[in-house]
Amino acid sequence: MSQLLVRGGRSLTGEVAVQGAKNSVLPILAATLLTGGQVELRGCPRLRDVDASIRILKALGCGAHWEGDSLLADTAGLNSCTVSDILMREMRSSAIFLGAVLARCGEAKMSYPGGCELGPRPIDLHLAGLRDLGAEIQDSGGVLRCKASCLRGRELILSLPSVGATENLMLAACGAEGVTTISNAAREPEIVDLQEFLNACGAGVSGAGTSTVTIEGRRPLHGCAYQIMPDRIVAATYLCAAASAGGEIYLRNAREGQLATVAAALREAGCAIRTDQKGMRCICRERLRSVRPVRTAPYPGFPTDAQAVLMAALLRSRGATVFEETIFENRYRHVDELVRMGADIRVMGRVAVVTGAEVLHGAPVRCTDLRGGAALCVAALAAEGETSIAEIGHIDRGYECIERDLKTLGAEIARTEMEI
Ligand code: EPZ
């Protein structure tokens, strides 16, 4: 069993390139099914969740292989519309394949992707939208049997701006007769990336990034070569690492416009953040200050995926910061682990109050989920002594090699095998 060993107390310095975005490449991998051709995804991150998506594509009869940092997918050979329970359970976002398989095959059989560490992850909005487009969906015993002899475009209205539902319905609508509009759509940058990918394949999608996305269905789609956008949450993580440890770092490819609320909080805490055409620089020389309440919200609000890492960066700040997690029910599981390092955090339902501690100390901790695990790394950089971080498979779902990047920035961090 691997673990990360981190020796805190060193400031960060250096430059690192930000990897491709997990939450962009996962829906785009599902979208490759719509092309029936060859797709080259440049800057594709090597992640456990990408591996899980490749296994799903291969189970459907498609091909996928790496060439350098490009992932080449060929979906001409699609010969199944069923995804097994085991594959669906490997990754929460496997539900994203439903719309694409339905659009390509006219039917799909998948099990519920199941919940995850963050709490229940319902897909009722996905299913309601697919039914509105004309799909017949039987849901029995945790298995979804879907048929759509002919999907028809229409206006869809989401009761909340769900990222996954927006993406799933964009893909299904590509296979529907006529035009579909999705109102109250999620506005995340990853949805814009999905639109740009689909249009590079010949689709007619517009409005992504706003609350209304329009899709012209049934356009003949072809393969393409596409550059995946940089991962804004990985960039936010490394900015928070510099804030936590102090120092000066430069993140190549980071785009401040995609993480403006995170940059604003770090500036308020006392970091100097400068942006140029190629990336972002973050300079933190003083002890951080607490910041105004941080309330997570759909984009362009403060991203729920950056809540844990910002919390970790503020553990030694002067004063107290209030967090309110409005997106997921159970996204404070990292708090108990941070408290083992001397953090002063009080959780009351969706609210967590972080009071700055004078000192954090290294401790044996374990990852509870993907971003909670990254937060442990951020906190360990500021702790006195050594921190051992177990169950780092969670981190590997979203970070190509977190220890490689943090080491490049001057951190004392290594991946080792745990003595059982
Ligand atoms: C995406 O998850 C991201 N994952 C998550 O990132 C991210 O935290 C989340 O969006 C919010 O930004 C990927 O893109 C692969 P939602 P998703 O549908 O699509 C409720 C990470 O760390 N909801 O916007 O599942 C849901 O329970 C991961 O990289 C319904 O009730 O998020 C949640 O409370 C974690 N019914 C809220 O909406 C539905 O049908 C937002 O979920 C769908 C969602």
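Start by selecting helix H12 (370–380). H12 is mostly covered, with 11 of its 11 residues buried. Bear in mind throughout that this is a predicted model. Colour the helix by residue and you can pick out the buried residues, among them Leu-370, Arg-371, Leu-376, Cys-377 and Val-378.

Now move to the N-terminal end of H12 and show the side chain of Asp-369. Asp-369 caps this end, placing a side-chain oxygen 3.3 Å from the backbone nitrogen of Arg-371. Add Thr-368 to the selection. Thr-368 sits in the loop between strand E22 (364–366) and H12. The side chains of Thr-368 and Asp-369 make a polar contact at 3.2 Å. Is Thr-368 buried or exposed? Its relative accessible area is 6%, and buried means under 20%, so Thr-368 counts as buried.

**The ligand**

Next, select the ligand and the residues around it. There are 23 such residues, and those that come nearest are Asp-124, Leu-125, Ser-162, Asp-305 and Ile-327. By class, the shell holds 10 nonpolar, 6 polar and 7 charged residues.

Three polar side chains are worth showing as sticks:

- Asp-124, where a polar side-chain atom lies 2.7 Å from a nitrogen atom of the ligand.
- Arg-121, where an N or O atom of the side chain is 2.9 Å from an oxygen atom of the ligand.
- Asn-23, where an N or O atom of the side chain is 3.0 Å from an oxygen atom of the ligand.

How much of the ligand does the protein bury? Taken alone, the ligand exposes 830 Å², and the protein buries 86% of that. To see which elements surround the ligand, show helices H1 (22–31), H5 (124–132), H6 (163–173) and H12 (370–380), since these are the elements that give two or more residues to the shell. H5 gives the most, with 3 residues.

**Helix H6**

From the ligand shell, keep H6 on screen and hide the other helices. Of the 11 residues of H6, 9 are buried, so the helix is largely enclosed by the rest of the structure. The buried residues include Ala-165, Thr-166, Glu-167, Asn-168 and Leu-169. Then look at the start of H6 and select Ser-162. A side-chain oxygen of Ser-162 reaches to within 2.9 Å of the backbone nitrogen of Ala-165. Ser-162 is also one of the residues that come nearest to the ligand.

**The second largest pocket**

Clear the selection and turn to the second largest pocket, which holds about 270 Å³ of space. Of the 16 residues that line this pocket, the closest to its centre are Val-18, Gln-19, Gly-20, Gly-43 and Asn-253. The lining has 7 nonpolar, 5 polar and 4 charged residues.

Stay with Asn-253, in the loop between strand E15 (247–252) and helix H9 (260–269). Asn-253 has a positive phi of about 80° although it is not a glycine. At 39% relative accessibility, Asn-253 counts as partly exposed.

**Two loops side by side on screen**

In the loop between E15 and H9, select Gly-257 as well. Gly-257 is exposed, with a relative accessible area of 58%. Now add Pro-300, from the loop between strand E18 (294–295) and helix H10 (307–313). Gly-257 and Pro-300 are 43 residues apart in sequence, and their C-alpha atoms are 9.6 Å apart in space. Show the backbone just before Pro-300 too: the peptide bond from Tyr-299 to Pro-300 is cis, with omega near 10°.

**Last stops**

Select strand E19 (residues 320–324) and find Thr-321 within the strand. Thr-321 counts as buried, at 0% relative accessibility. What does the side chain of Thr-321 reach? It reaches the backbone nitrogen of Val-291, at 3.0 Å.

Finish at Glu-391, in the loop between strand E23 (386–390) and helix H13 (393–396). Glu-391 is a residue other than glycine with a positive phi, near 55°. Its relative accessible area is 34%, so Glu-391 counts as partly exposed.

How values were computed: Residues are numbered from 1 along each chain as its sequence is written. This is a predicted model: local features need pLDDT of at least 70, side-chain atom pairs count only at pLDDT 80 or more; totals for chains, interfaces and linings use all residues. Side-chain values use heavy atoms; hydrogens and water are left out. On a 1 Å grid over the protein atoms alone, a cavity is a set of points where a 1.4 Å probe fits but cannot get out, and a pocket is an open set with protein on both sides within 12 Å along at least five of seven lines; lining residues have an atom within 4 Å of a point. Grid points are joined across faces, edges and corners, and a volume is the space filled by probe spheres set on the points. Ala, Val, Leu, Ile, Met, Phe, Trp, Tyr, Cys and Pro count as nonpolar, Asp, Glu, Lys and Arg as charged, and the others, Gly among them, as polar. A residue is near a molecule or strand if one of its heavy atoms lies within 4 Å of it. A polar contact is a pair of N or O atoms within 3.5 Å; within protein, one must be able to donate a hydrogen and the other to accept it, and residues adjacent in sequence count only if both atoms are side-chain atoms. Accessible areas come from the Shrake-Rupley method with a 1.4 Å probe; for residues, only the protein chains shown count as cover. Helices (H or I, at least four residues) and strands (E, at least two) are DSSP runs, numbered from the N terminus. Buried means under 20% relative accessible area, exposed over 50%, partly exposed in between (1.4 Å probe, protein chains only).
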